[in-house]
Amino acid sequence: MADLQPVRGTHDILADDFRLHRHVCDRAAALAARHGFQEMTPPIFEFTEVFSRTLGETSDVVTKEMYTFEDRGGDSITLRPEFTAGIARAFMSNGLAQEAPLKLFARGPVFRHERPQKGRLRQFHQIDVEILGVPGAQADIEVLALAHHVLEELGVARDVSLSLNTLGDMPSRLAYRETLIAYLTPFKADLSEDSRQRLERNPMRIFDSKDAGDQKIMAEAPLLQDHLNDASRAFFDEVKSGLDTLGIAYRVDPRLVRGLDYYTHTAFEFITDTLGAQGTVLAGGRYDGLMEMMGGRPTPGIGWAAGVERLAMMIGAPPAAERPIVVIPLGDDAQTPAMKVAIDLRRSGHTVDMGYSGNLKRRMARADKANAKAVLILGSDELARGMATLRNMETGTQSDVPLNDLVETLKFHF
Ligand code: ATP
Ligand code: MG
């Protein structure tokens, strides 16, 4: 049983953490719904090609991080390392082009074989947003507005900043690619192994390198923004002016590229300096080439994903659990009637817990620790009279209440 430890890079999300985790996911889901997004979910695993063909052969995710295995039928399967490719696959499998434009929200676990450290896990969770079938900048502005709104509602907007860039359309990128290769070729021997590989296949990706030597070389590299065609420049201007209108602050970072191959035009990251090295909490971009790359009809798309654990770390304290009413039966005769009282109260909408075992003092202490708003004491004698003792834990006052009137009394008081 390998020491009863969870697998490296995975963790148990225990009750307090889970409340915080769910708070992040539920707030995001509720806001996404308010912004007109529909929740859906692709499977947790897919055929490997769904990811390997789309994320790009040179991306870190594909070269190093995927959890890939052969299943019993001999198919190569991969645990999803992100949502977008699976959602794009689902869009095509289900003929959703009919329903486009579509605004989708998803949440759940994703898997990457990374070196575990603070804010970097092998099983982590994402909330994810996609707009499929809208070619214009209004979709870029809309997903950014939702991102900002989610961060605001979670109370972390002040601790993040938005970095924005454009990767241009394909003609701009192809023209720029030649310029970049010409600049980098003399440095070839100085580049990291990974970046030497990228030089041939996707040189822009070298901007994303975490290697200090590469970063030094890239600091002087020509920038795409100086090679954008008019259409790409106009698109980016529209995104920026949309953000200005909405009052969403951003900084243009001409070196921001995204880790995956399928991006065009808008790329963005919300970054914080409160989490140390793992500072990107939410990231995304436009991926107009993705569906075609997967063998489907060209369909524009834009979206983002945020790391739930990183957001949770920024928030820190979990929201308070709901305050229960604790039912305490005293004596054997009271156990079953107490269960009946508890279930009746639950049916009428109250959160009710049972105060088990120990003397009354210990049970009261436990009810207090559970932050109970009220305790209902059921002794055999009282029960025989059809009564119970209700203690308001807020005020400390105690009163006798008839059992047949309990639901009404509690409705009145709590
Ligand atoms: P990083 O540069 O930190 O590796 P990334 O570019 O690989 O991030 P994305 O693929 O854009 O990340 O994923 C979106 C978000 O998911 C990130 O902004 C981050 O909040 C979160 N995330 C990514 N990888 C991990 C991980 N290994 N553990 C926890 N959260 C992660
Ligand atoms: Mg990564």
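Here are legends for a few close-up views of this predicted model.

**View 1. Meet the neighbours of ligand 1.**
There are 16 residues around ligand 1, and those that come nearest are Arg112, Glu114, Arg120, Leu121 and Arg258. Sort this shell by residue type and you get six charged, six nonpolar and four polar residues.

**View 2. Polar contacts to ligand 1.**
Start with glutamate 114: an N or O atom in its side chain sits 2.7 Å from a nitrogen atom of ligand 1. Over at threonine 280, a polar backbone atom is 3.0 Å from an oxygen atom of the ligand. Arginine 310 joins in with a polar side-chain atom, 3.2 Å from an oxygen atom of ligand 1. On its own, ligand 1 would expose 580 Å², and the protein buries 90% of that.

**View 3. Strands around ligand 1.**
Look for β6 (123-132), β10 (280-286) and β11 (301-307), as each of these brings at least two residues to the shell. With four residues, β10 gives the most.

**View 4. The largest nonpolar core.**
This core has 44 residues, and the ones touching the most other members are Ile127, Phe268, Phe270, Leu282, Trp304 and Leu311. Helix α5 (residues 137-153) is the top contributor here, giving nine residues. Apart from this core there's another one, made of 43 residues, including Leu55, Tyr176, Leu180 and Met218.

**View 5. Zooming in on leucine 282.**
Leaving aside residues up to four places away in sequence, leucine 282 touches Ala147, Leu151, Phe268, Glu269, Phe270, Trp304, Ala305 and Ala306. Leu282 is also one of the residues that touch the most other members of the largest nonpolar core.

Conventions. Residues are numbered from 1 along each chain as its sequence is written. Chains are lettered from A and ligands numbered from 1 in the order in which they are written. This is a predicted model: local features need pLDDT of at least 70, side-chain atom pairs count only at pLDDT 80 or more; totals for chains, interfaces and linings use all residues. Side-chain values use heavy atoms; hydrogens and water are left out. A residue is near a molecule or strand if one of its heavy atoms lies within 4 Å of it. A polar contact is a pair of N or O atoms within 3.5 Å; within protein, one must be able to donate a hydrogen and the other to accept it, and residues adjacent in sequence count only if both atoms are side-chain atoms. Accessible areas come from the Shrake-Rupley method with a 1.4 Å probe; for residues, only the protein chains shown count as cover. Ala, Val, Leu, Ile, Met, Phe, Trp, Tyr, Cys and Pro count as nonpolar, Asp, Glu, Lys and Arg as charged, and the others, Gly among them, as polar. A nonpolar core is a set of buried Ala, Val, Leu, Ile, Met, Phe, Trp, Tyr and Cys residues joined through side-chain atoms within 4.5 Å. Buried means under 20% relative accessible area, exposed over 50%, partly exposed in between (1.4 Å probe, protein chains only). Contact means heavy atoms within 4.5 Å.
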